[in-house]
Amino acid sequence: MGPPRSKKRRPTFRRLLKTSGVKLENKLKNRQLKQQNVAKKQRKEQKRLRQAVKGAAGAVPRPLETYRKRPEEEEDEEEFLESLPTDMLEEDNLQQMTVMARQASFITRDLSSCGPVHGGKKRKSDVVRSYEKVPRKMARTEEKEVIHLLPIKDKTGVIPQSIERVVEKQQEEEEEEEEDAAVELDSVEKEAELASCVEMTPAQRERLRDQKLNERKLTIASLASAIVSDPFSSIKRVKELRAMLMEADPSVAVTVRKLAMISLMEVFKDIAPTYRIRPLTSAEKATKVKKETQVLREFEEGLVSQYKFYLEDLEQTIKDWKQKKKKRSQAVAFQSYGGLAEVAVRCLCELLVALPHFNFHNNIIVILVPLMNDPVKKVSVMCCDALGKLFQQDKEGGASLATVRVISGLVKSLNYNVRPELLRTLLSLRIKEVEVKKDIEAMAPKQKFMTNKEKKKNLSRMQRKWKKAEEKLEKELLETEASESKDKKIKLHTEMLNIVFLIYFRILKKAQKSVLLPAVLEGLANFAHLINLEFFDDLLNVLQGLIQSGDLSTKETLHCIQTVFTILSGQGDVLNIDPLNFYSQFYKLLLRLHAGASSDDTVIVLRCLDAMLTRRRKQVTLQRAMAFVKRLSTISLHMMPNASVGILAANRATMHAFSKCDFLLDNEIQGSGFYLPELDEPEYCNAQNTALWELHTLQRHYHPVVRRFAVHLSQGAPSEGSSALSVELSRRSPVELFDDYSIKQMTFNPPVASPSSKKKDHFAVGAALLDAELQRQIESALTAAEDAKLDFTAAHTQPPSAGTHTHTK
């Protein structure tokens with residue numbers, strides 16, 4: 001029977017993919033180090049042999065036995081030599097015999113040794129001592145492993161003993177052989193490709209690249225479709241698809257890696273469950289479960305593992321781009337790192353928005369938040385948009401709270417040297433309710449409620465039984481809904497708002513002249529109704545100082561005023577404060593509004609008017625209200641149509657809130673003095689002595705809605721009658737009307753009627769332009785002229801008779 005059949009199989013592509021590149025590289029390094037050590041040992045042994053041979057050839061051997069002879073022995077030796085038959089020996093042989101006689105012990109000893117013959121004890125002790133100096137662990141050879149045993153000592157000396165250890169390394173040898181074969185195959189293929197590429201023309205290279213790229217695309221598509229069609233049984237194919245992120249062919253490496261990143265992102269979005277996967281405990285792993293449960297566990301474990309590796313690959317791509325690190329493979333040029341990093345950032349942004357409930361979501365937040373301040377605008381915009389979408393879609397508040405914490409730490413670590421867009425993303429937070437401080441609760445009137453025990457005392461036995469059953473049922477229903485409780489949601493929103501205000505207040509205190517101030521003021525205006533009452537005094541003083549400093553732009557000043565009046569119209573209504581100075585600043589700013597296309601400040605003006613005049617109608621005087629109506633009518637003449645509609649709608653709301661503003665529709669003077677339009681104090685400009693003549697000009701405006709509002713206001717803004725507004729216009733707020741009639745998208749609302757598309761076959765002239773009677777007379781005259789024969793020569797001599805004409809031949 002022959003040797004047993006080898007079970008070694010040819011390595012498949014899938015098996016080669018299972019071995020990661022890092023493992024292959026480490027094994028290749030170990031093999032190279034091993035070969036270097038063996039070569040070094042061989043060089044040392046050869047050096048020792050050369051030195052030994054050189055020393056043995058150059059050294060003169062000493063006689064082994066040196067002692068003086070007796071005189072009798074010398075005489076006997078001479079007589080013996082003389083008695084020898086020398087006639088049979090040649091002279092050369094005789095000399096050789098003499099030399100050999102002097103070296104009597106050359107047969108039993110090495111010629112290079114110089115130790116004395118009679119030093120027996122000393123020689124044995126030296127041998128034992130030299131053996132003790134030999135290390136216990138001998139040098140390991142590649143062919144076999146030797147186990148050293150205790151030596152044997154006899155009369156000749158010490159004999160070392162050793163045996164060979166038998167170790168089964170069949171599996172390791174197979175793996176090494178497979179790796180060697182794969183490395184050799186790759187090297188041969190690369191050499192062949194390089195040789196072929198050198199010989200190809202540019203057109204042939206491009207054709208070869210397209211062919212390779214199509215093959216990779218088909219591979220990616222087949223793997224992705226197989227995973228999506230059956231995720232539970234094809235989760236191992238995710239590893240094969242992830243291996244294409246390490247494409248080594250320089251001609252298609254960048255494109256293939258981008259396609260693999262996007263394909264994996266879409267695959268994970270499709271197959272990821274709607275819950276967070278937690279790791280199993282040791283007790284759960286030891287428990288015996290059903291086959292379906294075991295399949296589900298394996299799928300979840302593989303999914304989390306591959307998802308983690310995929311995120312690590314994306315993060316490493318971004319880090320290599322940021323650190324400007326050149327890899328050893330040289331498969332991807334350094335100039336292509338930026339494109340790969342942008343695709344990686346895009347994939348992370350998509351996963352952040354699509355899978356806020358899945359594992360490693362906080363890790364993605366930690367990666368993307370620093371990129372919001374990236375100098376590359378495209379990357380920064382992508383990250384800011386993704387986090388803004390996350391804030392808008394997050395209903396529970398957990399992901400938003402984690403993001404706000406990371407943003408706060410980033411802003412503080414960079415010493416507030418960040419982009420304003422980073423802070424503007426906080427405006428998308430869905431913070432509606434927060435916990436009110438206890439001192440505010442103490443100011444509210446207390447209501448006495450009955451305790452649960454008191455209620456039960458007033459109930460009968462059957463009613464208490466039914467009550468208990470209802471409470472149990474409600475508890476079970478809440479558990480089945482699996483929804484977050486309202487208290488927990490309010491608690492998350494409160495903590496989130498505290499962090500946001502901490503960021504804003506730090507910037508107001510330490511960096512008032514930075515580029516972040518507009519974003520901070522805009523955020524304060526957005527969340528001002530949620531600020532605690534204890535911060536009102538300090539915040540109003542800071543905003544007052546900022547406005548009076550004169551360093552703010554028009555928009556920033558408007559944000560300050562909006563913040564102040566939002567506070568005073570909310571919890572601040574309990575404070576006895578008269579913000580007359582803010583009214584004067586706002587009245588002065590109205591004439592500085594931009595009249596062109598960039599009239600975005602009008603939205604802030606409309607919101608301020610609602611908070612300053614409509615909501616605070618009881619704290620505002622009539623003179624102040626009429627001054628604002630007059631100035632708003634003036635600026636509406638030169639604003640864009642949507643801004644004019646919004647301002648006229650704000651005037652309508654003010655005239656409804658202050659019914660005596662109809663004085664402005666009459667030309668009669670209501671008091672002494674004249675109207676002073678250049679005065680910046682609304683209380684003392686004598687607005688009651690003027691009229692809204694601007695409404696007559698606006699009635700000839702090119703926009704139909706502006707004309708409708710002008711007619712409506714000139715009639716006193718009635719709620720009924722022919723001059724009343726339609727329901728669509730009357731029920732909309734000024735801000736909504738401003739947005740509805742905006743022309744940012746280059747559209748006109750209402751749309752302009754298009755010209756008639758009916759084409760005429762011919763253009764009528766003559767008969768179509770004349771009257772019917774005139775046309776009849778013309779036709780009769782023409783027919784009479786055709787029947788008569790005209791003689792123009794006779795007309796000069798004699799007048800023709802009626803009805804007759806002369807004709808000369």
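**Note on the predicted model: a cavity, its lining and the core**

1. About 40 Å³ of space lies in the largest cavity, and this cavity is one of 2 in the structure that have a volume of 30 Å³ or more. The model under discussion is a predicted one, and every value in this note is to be read with that in mind. The general idea behind such a search is that rolling a probe the size of a water molecule over the atoms shows where empty space is left.

2. The residues that line the largest cavity are F391, D394, K395, E396, G397, S400, R430, H493 and M496. Sorted by class, this lining consists of 4 charged, 3 polar and 2 nonpolar residues. Two of the lining residues, S400 and R430, are taken up in turn below.

3. S400 belongs to helix α15, and its relative accessibility is 2%, so it counts as buried, the cut-off for that class being under 20%. Beyond its neighbours up to four places away in sequence, S400 touches L390, F391, D394, L429 and M496; of these, F391, D394 and M496 are also named in the lining of the largest cavity. The side chains of S400 and D394 make a polar contact at 2.7 Å. Along the chain S400 is 44 residues from P356, while the C-alpha atoms of the two are separated by 9.9 Å.

4. R430, the other lining residue to be considered, sits in the loop between α16 (420-424) and α17 (438-443). Its relative accessibility is 36%, and R430 therefore counts as partly exposed, since that class covers values between 20% and 50%. Not counting residues up to four places away in sequence, R430 is in touch with F391, Q392, Q393, D394, K395 and H493, among which F391, D394, K395 and H493 also belong to the lining of the largest cavity.

5. Which backbone atom lies 3.0 Å from a polar atom of the side chain of R430? It is the backbone oxygen of Q392. For Q393, another residue that R430 touches, the C-alpha to C-alpha distance to R430 is 8.5 Å, with the two positions 37 residues apart in sequence numbering.

6. T403 is also found in helix α15, which spans residues 398-413. With a relative accessibility of 0%, T403 counts as buried because values under 20% fall in that class. Its side chain reaches the backbone oxygen of A399 at 2.8 Å. Leaving aside neighbours within four places in sequence, the contacts of T403 are with I365, V369, L387, L390 and F391; L390 and F391 appear among the contacts of S400 as well.

7. Turning to the nonpolar interior, the largest nonpolar core holds 165 residues, and the members that touch the most others within this core are Y310, L423, L426 and F586. Helix α12 (residues 337-354) supplies the largest share of this core, namely 12 residues. For Y310, the contacts outside its neighbours within four places in sequence are R242, L245, M261, L264, M265, F268, C347 and L351. As a general background to such an arrangement, nonpolar side chains tend to be buried together in soluble globular proteins.

8. Two residues deserve a look for their backbone angles. F360, which is not a glycine, has a positive phi near 60 degrees; it is placed in the loop between α12 and α13 (361-371) and is partly exposed, with a relative accessible area of 22%. N415 likewise has a positive phi, of about 60 degrees, although it is not a glycine; N415 lies in the loop between α15 and α16, and its relative accessible area of 59% is why it counts as exposed, the cut-off being over 50%.

9. L149 is located in strand β1 (residues 145-154) and, at 40% relative accessibility, counts as partly exposed. The C-alpha atoms of L149 and Q161 are separated by 5.2 Å, with the two residues 12 apart along the chain.

10. For the chain as a whole, the model has 32 helices and 2 strands, and 32% of its 809 residues are buried. Of the contacts in the chain with a separation of 6 or more, 70% are between residues 24 or more positions apart; the pair R430 and Q393, 37 residues apart in sequence and in contact, is an example of such a separation.

Methods:
Residues numbered from 1 in each chain as written. Predicted model: local features only at pLDDT ≥ 70, side-chain atom pairs only at ≥ 80, totals over all residues. Heavy atoms only, no water. Core = buried A, V, L, I, M, F, W, Y, C linked by side-chain atoms within 4.5 Å. Buried < 20%, exposed > 50% of the residue type's maximum accessible area, 1.4 Å probe, protein only. Helix = DSSP H or I, 4+ residues; strand = E, 2+ residues; numbered from the N terminus. Contact = heavy atoms within 4.5 Å. Polar contact = N/O pair within 3.5 Å; in protein donor to acceptor, adjacent residues only side chain to side chain. 1 Å grid on protein atoms, 1.4 Å probe; cavity = no way out; pocket = protein on both sides within 12 Å on 5 of 7 lines; lining within 4 Å. Points joined across faces, edges and corners; volume = space filled by probe spheres on them. Nonpolar A, V, L, I, M, F, W, Y, C, P; charged D, E, K, R; others polar.
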